[in-house]
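Okay, thanks for squeezing me in. Let me put the model up and then walk you through the parts I'd like you to look at.

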Amino acid sequence: MASRKELVDKIQAIAKRVYAARKAGENSKEAQEDTFGVTPEDVNFEEELFPVLAKFPKLKQVILDLLTDQYEDFISDIWWVAPRPTTFKIILANNQDFYLIYTERSWIAQVEGKKFYLASLNEEQRAAAAIARILRYGGGAEPDKDTPVGEVPTGGETPADETSFETPTEETPPTEEIPETVPPQA
């Protein structure tokens with residue numbers, strides 16, 4: 001992998017060539033291909049990170065409403081999981097997920113089992129807050145594969161602060177102390 005200095009040098013060299021070509025008036029297709037290796041027509045800035053959003057533009061608008069235009073930083077994948085009702089599974093960057101369901105009346109966001117009907121601004125705000133809450137959860141640690149399910153892993157040694165209690169060998173009956181009663185004095 002190239003070092004930071006090499007990358008900066010390459011970028012500066014390309015910028016100088018582009019500037020020199022523009023200054024000289026060389027805007028021909030051959031000069032652009034020589035400079036970049038691609039033509040401006042080859043570059044598609046509208047290409048979606050998630051192809052399902054290109055197929056369902058209303059879904060993109062709902063995601064923008066819930067997560068702002070920076071949604072790509074928080075979503076790792078979008079799955080189309082059911083055709084009727086049209087249901088999408090939104091997988092977040094921390095491996096948490098929620099569902100967006102399209103109905104005739106409105107979109108429904110299902111976050112942690114709770115449904116939010118997005119036709120109402122109040123519900124939309126609560127859905128956005130619920131999504132923000134699950135984004136805070138984090139990835140979570142995976143359990144150790146050597147430890148059987150339900151068993152607590154131990155290091156094999158008893159910690160120094162734990163003491164073992166021994167049971168008495170002889171059973172002794174409990175003794176009760178009877179408080180002395182003092183007769184009232186007259």
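So, start with the sheet: it's open, five strands in the order β1-β2-β3-β4-β5, and the pairing is antiparallel. The edges are β1 (75-82) and β5 (114-117), and each has a single partner strand, so one side of each is left without a neighbour in the sheet. From one strand to the next the twist averages 25°. For the record, strands here are DSSP runs of E with at least two residues, helices are runs of H or I with at least four, and both are numbered from the N terminus. Two strands pair if DSSP finds at least two bridges between them. Angles run from 0 to 180 degrees between N-to-C directions, with axes as lines fitted to C-alpha atoms, for helices over the stretch in contact.

This is a predicted model, and local features need pLDDT of at least 70, side-chain atom pairs count only at pLDDT 80 or more, while totals for chains, interfaces and linings use all residues. Residues are numbered from 1 along each chain as its sequence is written, and side-chain values use heavy atoms, with hydrogens and water left out.

How does the chain run overall? From the N terminus on, we get α-α-α-α-β-β-β-β-β-α, so to speak five helices and five strands.

Now the middle of the sheet. β1 and β2 pair antiparallel over six bridges, and a hairpin through four residues joins them. D77 stands opposite I91 in β2. On the other side, β2 (residues 87-92) pairs with β3 (residues 97-102), again antiparallel, over five bridges. Bridge partners there include I90 with F98 and F88 with L100. That one is a hairpin too, with four residues in between, and N95 in the turn has a positive phi of about 65°.

What packs on this sheet? Helix α4 (residues 57-67) does, touching β1, β2, β3 and β4 (107-111), and its direction makes about 130° with that of β3. Contact, by the way, means heavy atoms within 4.5 Å. Then helix α5 (residues 121-135) lies across β2, β3, β4 and β5, at about 140° to β5.

Look at β2 for a second. Six of its six residues are buried, where buried is under 20% relative accessible area, exposed is over 50%, and partly exposed is in between, with a 1.4 Å probe and protein chains only. In a regular strand the side chains alternate between the two faces of the sheet. Here T87, K89 and I91 point one way, and F88, I90 and L92 the other.

Yes, there's a lysine in that list. K89 is buried, at a relative accessible area of 17%. Its side chain makes a polar contact of 3.4 Å with the side chain of D97. A polar contact is a pair of N or O atoms within 3.5 Å; within protein, one must be able to donate a hydrogen and the other to accept it, and residues adjacent in sequence count only if both atoms are side-chain atoms. Leaving aside neighbours within four places in sequence, K89 also touches residues including D77, W79 and F98.

N94 is another one to zoom in on, in the loop between β2 and β3. Buried or exposed? N94 counts as buried, at 11% relative accessibility. Its side chain reaches the backbone oxygen of I134 at 2.9 Å, and a polar atom of that side chain lies 3.1 Å from the backbone oxygen of L135.

On to the largest nonpolar core, meaning buried Ala, Val, Leu, Ile, Met, Phe, Trp, Tyr and Cys joined through side-chain atoms within 4.5 Å. Of its 26 residues, L59, I63, I75, I78, I90, L100 and L118 touch the most other members. The largest share, five residues, comes from α4. L100 has contacts beyond four places in sequence with, among them, L59, I63, W107 and L118.

Last, confidence. pLDDT is the predictor's confidence in each residue, from 0 to 100. The chain's mean is 74, and 60% of residues reach 70 or more. Over residues 152-164 the value is below 50, and beyond near neighbours in sequence that stretch has one contact in the model. Where pLDDT is low, the predicted coordinates should not be read in detail.
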